[in-house]
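Me: Please take a close look at one part of this model, strand by strand and residue by residue. Which neighbours does it have?

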Amino acid sequence: MKIEFGTDGIRGVANSELTADVALLAGRCIAYQMSLTRPDAAGRIIVAKDTRISGDMLEGAVIAGICSVGVDCWRVGIAPTPALAYMTRTTGSDAGIMISASHNPIEDNGIKVFSSDGYKLDDETERAIEKLMHSPRRAKLPAPIGDEVGSVFDRRTLPARYTGFVRRILNNVKINGRVVIDCANGATARFAKSIFRDKIAEPIIINGDEDGRHINVDCGSTMPEKMARRVVRSGASLGFAFDGDGDRVIFADEHGNIVDGDQIMLLCADHLKKQNSLPHNVIVTTVMSNLGLENGLRRIGVRMTRTPVGDKFVLQEMLRGGYALGGEQSGHIIFLNHSTTGDGLITAAQVLKIFASGNKKFSDITSMRRSEQILKNIKVKNKKAFEGNRKIKGEIRRAEAGLGGKGRVLVRPSGTEPKIRVMVEAW
């Protein structure tokens, strides 16, 4: 496997592409870059994982790599990705490493890295780690002996700090009636139960086991229809579904209609603007967001700026412009006043808080006139070959011209899978 950082860390089929050897090397190189090249380093990295079966194998290899260069490791076990980001920045650790492939199938896994301030790594740092992993210099990394070898410390109670942090957003909030919560058999299962158990009169938890054999399988944010049907059957006020590592969430209203990240950003932008808490009256989203979001924001006096797909690009623009709210149609939402990354649990808490503050149905506060979007995912052997293909680019221009200014065509390689994603949108 050629080791590269995509839009969301290093990804691959576990034990085939992303092997224990690769994870060991990644642990060594990440620890060296994040701890041993900084004069103010704590000499400590936090490691977390989602529930997928291969997580144990890769976690052990990554930790061995960290300790082999003389850096200590705090092992926190199963935790959502945003919880790791929170723990990293609030404990003064040098980095956080998340073993997860997010919404990908169970055979995949990945390695995400957060810096000491809780942000995903910038491109320059990722390239430095990649270069080291492919360089002969990797053989010359420190190899301490005796008491200078790194130690592993069990810190499985540490994630409770994050749970308490999210619960504080819901102070004095009480949701009467039923709410369906789909945990995708992933990293949010234990956390969602703790956070929402006494904030919702009748929480209905589905796919709520830490089950690594069924993570993301016909459930969660990539299959929200099942959650939506449960909302209707149970007469719930709304429902929401996380992905495997909890950095995204998709909702459904009381009628079973899917409510995606665009609708949630419109809801939250309107709320924050009314609270004078939306800096510059701007939100950040990606090229995938529906034209309906742009129109809806315009009606409430909010502007939108677009970035390439990937919450890291959304975050970069938010930091550059001093913006507080951004996200993706897929349900990655960043509330920069609360979190440094996409956070499904914080998003759910914010939405419940808004919902509880009024007397309207969830469908009333999340309605948005949408343009029609057709999405197709095409499996390819080499997704990078698309970038220089003039014939395809010519066809894209012709298709857009045929829409007469009332739509757009977006074709891009996936950042996490061997696929080309095609989106056509028109009114």
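Reply: Start with the side chains of strand 4. Ala 95, Ile 97 and Ile 99 point one way, Gly 96 and Met 98 point the other way, and all are buried (under 20% relative accessible area; exposed is over 50%, partly exposed in between; 1.4 Å probe, protein chains only). The model is predicted: local features need pLDDT of at least 70, side-chain atom pairs count only at 80 or more, and totals for chains, interfaces and linings use all residues. Numbering runs from 1 along each chain as its sequence is written, and side-chain values use heavy atoms, without hydrogens and water.

Five of the five residues of strand 4 are buried, so the strand is largely enclosed by the rest of the structure. Strands (E, at least two residues) and helices (H or I, at least four) are DSSP runs, numbered from the N terminus.

Now the pairing. Strand 2 pairs with strand 4 in the parallel sense, over five bridges (pairing takes at least two in DSSP). Within that pair, Ala 48 has Met 98 as its bridge partner in strand 4. Strand 5 pairs with strand 4 too. Here the two run antiparallel, joined by five bridges. Phe 114 of strand 5 stands opposite Gly 96. Strand 4 thus has a parallel partner in strand 2 and an antiparallel partner in strand 5.

Next, the helix beside it. Helix 3 covers residues 81-90 and is mostly covered, with eight of its 10 residues buried. The buried set opens with Thr 81, Pro 82, Ala 83 and Leu 84. Ala 85, Tyr 86, Met 87 and Thr 88 complete the set. These buried residues pack (heavy atoms within 4.5 Å) against strand 4 (95-99). They also pack against strand 2 (44-49) and strand 5 (108-115), the two pairing partners above. Strand 3 (72-78) and helix 5 (160-169) are further packing partners of helix 3. After helix 3 comes Gly 92, with a positive phi near 70 degrees.

For contrast, look at another sheet. It is open and has five strands, in the order 8-7-9-10-11, with mixed pairing. Strand 8 (200-206) and strand 11 (258-259) are its edges, each pairing on one side only. Strand 11 pairs with strand 10 (residues 249-253) in the antiparallel sense, over two bridges. There, Val 259 of strand 11 stands opposite Phe 251. Helix 11 packs on this sheet, where it touches strand 7 (175-182), strand 8, strand 9 (238-242) and strand 10.

Definitions and conventions:
Axes fitted to C-alpha atoms, helices over the stretch in contact; angles between N-to-C directions.
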